[in-house]
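Visitor: Please take a close look at one helix with me. Then show me other spots that belong in the same tour.

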Amino acid sequence: MDARIATENPEITAVAPGGLAVPPELRPLTMSPLNRRRWQNFKANRRGYVSLWLFLILFLVTLFAEFIANDRPYFISFEGKWYFPVFVTYPETTFGGDFETAADYRDPYLQKLISEKGGFMVWPPIRYSYNTHNLDLPTPAPSPPTWMLTHEQCQHVLERKGLKSCSDLEYNWLGTDDQGRDVLTRIIYGFRISVLFGLTLTIISSIIGIAAGAVQGFFGGWVDLVFQRVIEIWTSVPPLYLLLIISSMLVPGFFVLLGILLLFSWVSLVGLVRAEFLRGRNFEYIQAARALGVSNVVIMFRHLLPNAMVATITFLPFIVSSSVMQLTALDFLGFGLPPGSPSLGELLSQGKANIQAPWLGITGFFTVAIMLSLLIFVGEAVRDAFDPRKTFG
Amino acid sequence: MDATVTPLLSVRDLSVAFRHGAHETLAVDRVSFDLTKGETLALVGESGSGKSATALSIMKLLPYPSARHPCGEVRFKGRDLIKLSEREMRRVRGDSISIVFQEPMTSLNPLHTIEKQISEILLLHRGLTGAAARKRVIELLTQVGIHEPKERLGSYPHQLSGGQRQRVMIAMALANEPDLLIADEPTTALDVTVQAQILKLLKEIQARMGMAILFITHDLGIVRKIADRVCIMQQGQIVEHGTVANVFRAPEHPYTCALLSAEPKGKAPPLNPNGPVIVRTDDLKVWFPVKRGLLRRTVGHIKAVDGVSIEVRKGETLGIVGESGSGKTTLGLALLRLISSEGPVAFLGKSLQGLKFKEMRPHRRDMQIVFQDPYGSLSPRMSVCNVIEEGLWVHQPNLSAAERGRKVIRALTDVGLNPDTRFRYPHEFSGGQRQRIAVARAIVLEPTFIVLDEPTSALDMLIQAQIVDLLRDLQKRRELTFIFISHDLKVVSALACRLLVMRHGKVVEEGPASEVFANPQDPYTRALFAAAFNLEIAPEGVVAQ
C-alpha cells in the first residue's frame, strides 16, 4: 500500500524509447529527493526551524563579537591619517601620548588628545571588551544595570564627570560583575566561546568515534571484541576526577580542556556507528559491491558510512549541547577556562556568590537556558527529519 | 451463493485511506463481498493492491488514525464492526474472528514458550487457567498436527521450524473456535512442501469446524486448490469476483486474464554439451564450524554445502532447486568466492582456489550476481547511475565520464528501463524495476557468467514472468551463462536446461531439466515437484514438517 500504488503501472512506463540517443549529461547539482523530503520534514517542525535560524543568527553575530563589544574603536582619523585599532595595536605615542604601551582608547586623556587635533573615533555599539574594567562604577562592584540606578547611587560619578543625570552615563545594560566588567559583553563573548568549544569537541569526537565504530562494526570478530573491552574499561574511568588531577598539573586553556574532554567524549558515538555497520555489512548491496570487486575501504565509505550517518546526524545536536553543558559545569566549579576568560559557568558561579546582585545569576541562567533549549529544539527537528517512517511513509 | 442465507460477513463499499503528511492515498476503494459459514473466499492481487489492508480493516488492526475509512461497513453477524469501540472490538478479535499472518518468524514472541502464547488467548477470552488450559493447548497442538505436543509445550519459537511455527500460529487462531479465520498469505514464507501441508491442514480444520476462511494470497495455484470463490483486486478495487471454477475458466476482466496467463513461459536454452566449460567444481565443501565452550573449540560442523561437483558450459543455465536451508545460496556464493570454501573452483579454466581478495579482482568482471531482494540489494543512497557504474570505476578506471555514461545507458536500455531515469534513487522504482536495475548492474561489465540468486522470488506474478523473459532474452543476445537458484520450480522450468536438486547440502538428483521434470528418480524430488505443481503433500518421512 505504499508508494507503489502512486506509481501508475510501473512496468509499462519502463520501456526505453531509443535510449542510446540520449547524450550522457552531468548529474544535476541539486539535493537528492530523499534529502529534499528531509528538509521539508525539518521545516515542518516550526519550533525546530525557528530555533535553527535564531541559533544561526546568534552564532553569526557573536562570531563577530569584537565588532559589537570592544574597548577599541573601529576607526580613528588623526592628523589626516587613518588608524584601525580593531585590527592593529598602536602605542600611545602614535596619538601624542607619553608611553610606548598600547593605547587605551577609553582613557579620557587620550580621547582629549585626539579630539584636540581634530581627529575623531568610530566606536562599536558597546565600548567594553570582556576584560575591560569600568572605572566609573557608581556603586561598588557588582554594579546594577545602569537603567536601574537611582540618582543617589550615581551622584558622585555624575559630579566627577560633570554630567546631569544617570542616563548620561555609559550604559551597562545588564550591570557589571564583581570586577566591574560589563555583563552583556561577557555573555556575548561567553556564548561564542561555548558554542565554538561545543562544535569543535563534537566534530573531533565524532570523527574519532565514527572511525572507531566503523572499524569495529565492519571487521567484527577479534577487532570488535578487543576494542569493546578497551572502551568498557576506558568509560569506567571517572572523567571529573581525572580532570581535577590534570588541571592541577596543566594550565587549563581552551585546547587543554578540549583535549581532556575529548579523551572521554569520543566513545559516545562508537556504539551507535558500530551497530549500524554490523547491521549494514550483511545487506545484499554490500555483497553485491563485494561481487563487483570493490575494496573494503570504498565499501565502508561509499556504502556503509552514508547509511550510518543518519543515526549519527540525529545525535549531533544533542552532543553539541552536552559538550556546552560540560564546559559550563567545569567553569562553574572553577576548573574550566583560565581566570579572566569570558565564560558562562564563571558568570553563574558569580551569581551564586553574589545573591544581592540578581542580574548576574538571572543573565547567566537565561543565556545558558536559551542556548541549550535552541540546540535541543534543533536536535528534535533533525530527529524528526531523519525519521524513516516520515521520509518513506 | 444462496441468496436466502444471511452471510456471516458482509463487507459493503469499504474504503481505506492512508494519510502521509498532507495528502491521502486511497488503498482500498469501495470493496464489497460476502462470506458465508464454511466457505473459503480468496482475495487475490499483487502487492500494493490493497488486499491486506482490506483484511486488516475487518479486524480493525490498521494504524489508526493515520488510516481511516471514508465510507463502508463491515457487517459481522449483524453488527457493524467499523462502528464498534476499541473495547468491544478486543472481545471480537481472537474469539470469533482470528488471523494468521504471513511471517511465522516474527509473529510469535521469541521470549515466551508456545504453551504460554496459546494459553494467553484462552485466558483472555474464556478465563481458562491451569490444567484445563494445558489440556486445551495439547488438544489444539494435536489438531494442527504437531508431533509429540506434550514435549513441545515448553519449546520457544526458535526451536521450531518455519512450518511448525505456522502450525502454532494456526493453533492460536483456532483456540476459541472462531467463526471467521483470516489467513494473510499464510504460506508465502514457507517452502513448497510445507506449504502443501499447511493448506491441507487448513482445509481439514475447516471441514471439521465449519468456519469461514478469508484467504489472502497472490498465488493463483493456491486459489484453485483451496478456495470456493475468488475476488481479484487491482489498485484497491475488486475488478472481478465469482466462483473459482467460473473465474478460472472464463475470466472477464483484462487484468484477470493477464494474471492467469502470467505464469512464466517459454523454453529454456538448449544444452551445449560441447561448449567450453565456464565453471567447474569438484567435491566443493562449505562447512561452518560450531564452536562451544570457553576456549571456543570446534565441536562440529554445519555442512551447508557438502561435496557438490558441478560443471556449467557456455550458454547453459544450470537451475539449482531446493528448500530453504538446502545450501543452494551458499553454493552460489562459494562459486563466486564470496565465502570461503574447500575444494577446487575453476573459472574459465583457471583455478580460483586460494586467491586473495585483490587477486580475485580481475576475475570479478567476468562473474556477477543478482540477489533475491530488490529492496535490499541497491544502496538507498546512490542514484541508479552510480549503482550501475560502480563496477566500471573498479574495473575500467580509465574510462572517460562520457564513455561510462554510454555504457550505463546501454545497460539500462538492455534491461528495458528508460535511461532518462538514471539519476533517480532506488526508492522511486517499483520492485520489478529495481530488479531490472540489479540486472543492469550485473551486465554492465559484460560478464560471461551470472549467478541469479532467487531473482524473482520477491516479485509479483506478472512481473516475475517479465523478468524471466528479460533474462532469457539477455542470455541469448549476450551469450551469457547462468546459474539460476530458486525454490520456485515453475520459474526454473522456464529457464533452466540442466537441473540440480539439493537437500541438506548434498545433491540428490542431477540431469537435463527436461528429463528430471518428466521423470524424477529420487523420492524427495518427486515430493518437491508434487508440492510445487499440484500442491500435494508427500508421504510421511520424505520431507520435514
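Guide: The tour starts with a helix in chain A, goes on to two helix pairs in chain B, and ends with two backbone details.

This is a predicted model: local features need pLDDT of at least 70, side-chain atom pairs count only at pLDDT 80 or more, and totals for chains, interfaces and linings use all residues. Residues are numbered from 1 along each chain as its sequence is written, while chains are lettered from A and ligands numbered from 1 in the order in which they are written.

Find helix α13 of chain A, residues 296-333. (Helices are DSSP runs of H or I with at least four residues, strands are runs of E with at least two, and both are numbered from the N terminus.) α13(A) has 38 residues. Its end C-alpha atoms are only 47 Å apart, short of the 56 Å that a straight helix would reach at 1.5 Å a residue. (The expected span is 1.5 Å times one less than the number of residues.) Now look at Leu305(A). A kink of about 50° lies there, shortly before the proline Pro306(A). (The bend is the angle between axes fitted to the seven residues ending at a residue and the seven starting there.) Just after α13(A) comes Gly334(A), with a positive phi of about 90°.

α13(A) also has a partner, α15 of chain A, residues 358-385. Their axes come within 7 Å and cross at roughly 165°. (Axes are lines fitted to C-alpha atoms, for helices over the stretch in contact, with angles from 0 to 180 degrees between N-to-C directions.) The two are therefore roughly antiparallel. (Under 35 degrees is roughly parallel, over 145 roughly antiparallel, 65 to 115 roughly perpendicular, and the rest oblique.) Their crossing is left-handed. (The near helix is then turned anticlockwise from the far one by less than a right angle; clockwise is right-handed.) Among the residues that meet are Pro317(A) and Phe318(A) in α13(A), and Leu372(A) and Arg383(A) in α15(A). (Contact needs C-beta atoms, placed from the backbone, within 7 Å.) This contact has 13 nonpolar, four polar and one charged residues. (Ala, Val, Leu, Ile, Met, Phe, Trp, Tyr, Cys and Pro count as nonpolar, Asp, Glu, Lys and Arg as charged, and the others, Gly among them, as polar.)

Move to chain B. The axes of α3(B) and α4(B) come within 10 Å and cross at roughly 115°. These helices are therefore roughly perpendicular. The crossing is right-handed. Contact residues include Leu122(B) of α3(B) and Val137(B) of α4(B). By class there are six nonpolar, one polar and three charged residues.

Next come α7(B) and α19(B), whose axes come within 8 Å and cross at roughly 55°. That makes the pair oblique. α7(B) passes α19(B) in a left-handed crossing. Ala196(B) of α7(B) and Leu528(B) of α19(B) are among the contact residues. Six residues of this contact are nonpolar, two polar and none charged.

Last, two backbone details. Most residues other than glycine have a negative phi, and most peptide bonds are trans. Arg30(B), in strand β2 of chain B, has a positive phi near 45°. In chain A, a cis peptide bond joins Ala141(A) and Pro142(A), with omega about -5°. Pro142(A) lies in the loop between β3 and α6.

Note on methods: Contact = placed C-beta atoms within 7 Å.
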